[in-house]
Amino acid sequence: MSPINSHLPKLADKLLQWILPDHMVEFIVGDLEEYFAMRQEKLGLLRARLWLLIDVISVCGSFAFKKIRSNSNYRTMFKYYFKLSWRNMAKQKVYSSIKIGGFALGIAATLLIALFIRDELSFDKHYKNQDQIYRVLNESTHPEHMERWSAFPPPIKPALENEFPEIQSVGRLINFDWFDAGSNQFRPIEEKANIYEEGFVYVDPEMLDILEISMVYGDQSALDNPKSMVISKSKADKYFPNQDPVGKQIILNENDNSIYTIGGVMEDPRTNSFFQFDFLITLKAEEFWEGEQTSWGSWNYSVFVKMKEGGDPRQFEEKLLVIRDDYIVPYNKERGDQRADDMAKYYRYDVQPVGDIHLHSQVTHDNLKHGDIDTVWLFGAVAFFILLLACINFINLSTAKSANRAKEVGMQKVFGSVKSEIVRQFFTEAFLYTMVSFLVAVGIVLVSLPFFNTLADKNLSIPFSEWWLVPLLLAFVLTVSFLSGLYPSFYLAAFRPIQVIKGNLSRGAKNSKFRGTLVVFQFATSIVLIICTIVTYRQMDFILNKKIGFNKDQVLMIQGASTLGNKAEAFRNELTRLSAIENAAYTSYLPVDGTKRDGNSFWKEGRRKEDKGVGAQKWRVDENYLTTMGTKLVAGRNFSADRASDSTAIIINESMVKEMGFENPIGQKITNSFEPTFHVIGVIEDFHFESFEREVGPLSLAYGSFGSIMAVRFQPGNTDQMLAQVKEVWDEFMPNQSIRYTFMDDSYARMYDQVNRTGKVFTLFAVLAVIVACLGLFALSAFMVEQRGKEISVRKVLGASTTQIFGLLTSNFVKLVLIAVVLALPVGYYMMRSWLSDYKYHVDITWDVYVIAGLVAVFISLITISSESLKAGWMNPVKKLRSE
């Protein structure tokens, strides 16, 4: 470990000596050095320096304000500085507008991203017992299938309660489409009309206490009775306005076995929580099939624990291995499951704080909607770089017109102004520009928030009611003013009066490399964002247009079809009589999000004790499914309603054939844990039934003529007329239930909303970065024209054409942009390669991506600098030489 250095950085030390009274410098600097050393030891050097920056700005601001308030001369001086700064701003309207506009865009982007990051980081941070609430996760470290998931068998609850005294309470949750969890047709029992509702979840009664769910009606015992349910306040207001619904009965899906009694009403779920459910169904005395609650072979329950005060989650995590060793492994060994040894070797558990669920679960299979901590870091980095670009832009624009300000500075020095006074003047000017830019930025944020909310799928707002907002924004303005005004203030104040009055601005030439570096940095950042935008859109196009093994177009998904009951076949027959309808299939399983899934393990018949099981999805479909979905049968045959033997028939995909080790799969017999032996009658081509982030896995289709969705393939043409005809048929069969439908291609596209949003966000930030970079480039071109004005005039007198002058001035800028391209390419490649690695199927980053990004950057830069370069080429040289 490196030794602690308590000495303040030279810049901070000089600033404090300049601002503070002489008799207090030693005392305050000593305290700051002491705090600086303590923070280095506890927080590390980087965070200690950040805190030091805040302390220095606070101390300097406080003493500067006291000095101004107590001394009338200072008040007069700063009043003069503000008035002079305002006059300079008003005198150069175009220049000031560019300066303020670029700064405002950078600040507005930073504020929007800050609101997004604040919201993401606030998820599940509201619990009073935050440090006692955890979710238990499974982890497999097996080199062939490393994964993380939340599902446990049902006996996990009594096992945890019996084995771990440090646990205060245990609660389970089922949040996927399973029995009455997921989505349902809902109605109060006294009503006739069904309403489609989502957000049903099974929970143990203890979950009300563990997740600190606030009750409007009823109390924490609201789920203690079997077949009880808790609904959210908004749903209670919808179905039982102005009344206490406790004791009311509701029915789901017209199923007499799904009649529930409302035991309580809870407050609506917070938007910044993983727990987004409106209907909580009790697990009290619930058993989904005989022996289910005591079986260690049915993995469907997420598990939450509330630890006693003082409990150590890491020790608890280590002790959890007793669940594996004493329960799960023996259960599987007893049944001859060959995976038992792998479980003992590779299974681990993770105790996840509830506050980490939203941002730290992107690789966890839990059927929840997640954020991504990498996205938060990425957006934070983008915000930092855009704000940095805006500050660089401010610096470039402040020094670009230095020739105009140099004579002003020279005359002030001739009349007795000292360097510190000129520095204060330019700091005041920087503060004024920052404050105006900030006010404009707040206006931009207020106007653009609805668009940004749509883009980011958020409901963000500026928290005006929070006490910390004004101090934080003021600190932000002061910090940005200080950082953006630091270089211009000392740069301009350092002009020597005699040289300036003679017209010698050689300082600018000496600093041209510095400005060039700033422009290279700006354009490199912009080019990286352009590369990210191009690759993201190509990946989205690849996802939507790649051959996926089924035909998602012209498929209508009619939801809530389970309530048709024994009328389902008649309804399907009526649909297929319509001229626009080609086919229809009745199922709950479709290759889009929001439909049912059922994971199983399969073995060759008689090989359960010898072989490891093959994990596969098992979907129940009818004989019309393959035709409706456009799925290709590569071997064997389809199901037939006329064959009684097809009740135990199964169709498997190519991946399952490979995993099972079949050479001739047709006629082979396979079995799983809970059902009779299946015989394979067909093989279908692999199709993507999950996200592109996952490889196509084993899939089996078993015969079953029931489900919650009627998938209808229709002919291209008049879609509105087709929908009207389908609705008419539906109303004949279900007069008390409104038809609800979606199109499969829309549902498929929604699976990749996050990719689409990422592309749009990159586009937005790329455009902002390019605008800010172009303003910086414009500033540099204006500066160079001023610097080389005499040279250009001489060249004109000697016969140089406008084209030659244009080439002379633009060639250097094009070189800077080309350098930026070279620097940006590896960074862009690394970022996008890392992002694409999350997808098992993705586009390649081809050479044309870099060519397009480079050409766009060069083209935009040429347009930006052409106005100043052409103006210099068209300028009358006599005017410039006469002034010299």
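**Exercise 1. Find the accessible surface of the protein, and the share that belongs to carbon and sulfur atoms.**

Solution. The model is predicted. Its accessible surface comes to about 41,700 Å². Carbon and sulfur atoms hold 55% of that area. Next, turn to the residues. The protein has 884 of them, and 51% count as buried.

**Exercise 2. Describe the fold by its helices, strands and contacts.**

Solution. Start with the elements: the protein has 28 helices and 24 strands. Then take contacts between residues at least 6 apart in sequence. Of these, 79% join residues at least 24 apart.

**Exercise 3. Decide whether S273 is buried or exposed, and list what it touches.**

Solution. First, place the residue. S273 sits in the loop between strand 9 (259–266) and strand 10 (279–282). Its relative accessible area is 5%. Buried means under 20%, so S273 is buried. Leaving out residues up to four places away in sequence, S273 touches F123, D124, H126 and Y127. With D124 there is a polar contact, side chain to side chain, at 2.8 Å. A polar atom of the S273 side chain also lies 3.1 Å from the backbone nitrogen of F275.

**Exercise 4. Explain what is notable about phi in N367 and Q554.**

Solution. Begin with the rule: most residues other than glycine have a negative phi. N367 is not a glycine, yet its phi is positive, near 60°. N367 lies in the loop between strand 13 (364–365) and helix 12 (373–400). Q554, also not a glycine, has a positive phi of about 55°. Its loop runs between helix 18 (512–545) and strand 14 (555–559). Finally, check exposure. Q554 has 31% relative accessibility, so it counts as partly exposed.

Key
Residues numbered from 1 in each chain as written. Predicted model: local features only at pLDDT ≥ 70, side-chain atom pairs only at ≥ 80, totals over all residues. Heavy atoms only, no water. Helix = DSSP H or I, 4+ residues; strand = E, 2+ residues; numbered from the N terminus. Buried < 20%, exposed > 50% of the residue type's maximum accessible area, 1.4 Å probe, protein only. Contact = heavy atoms within 4.5 Å. Areas by Shrake-Rupley, 256 points an atom, 1.4 Å probe, with all protein chains shown as cover. Polar contact = N/O pair within 3.5 Å; in protein donor to acceptor, adjacent residues only side chain to side chain.
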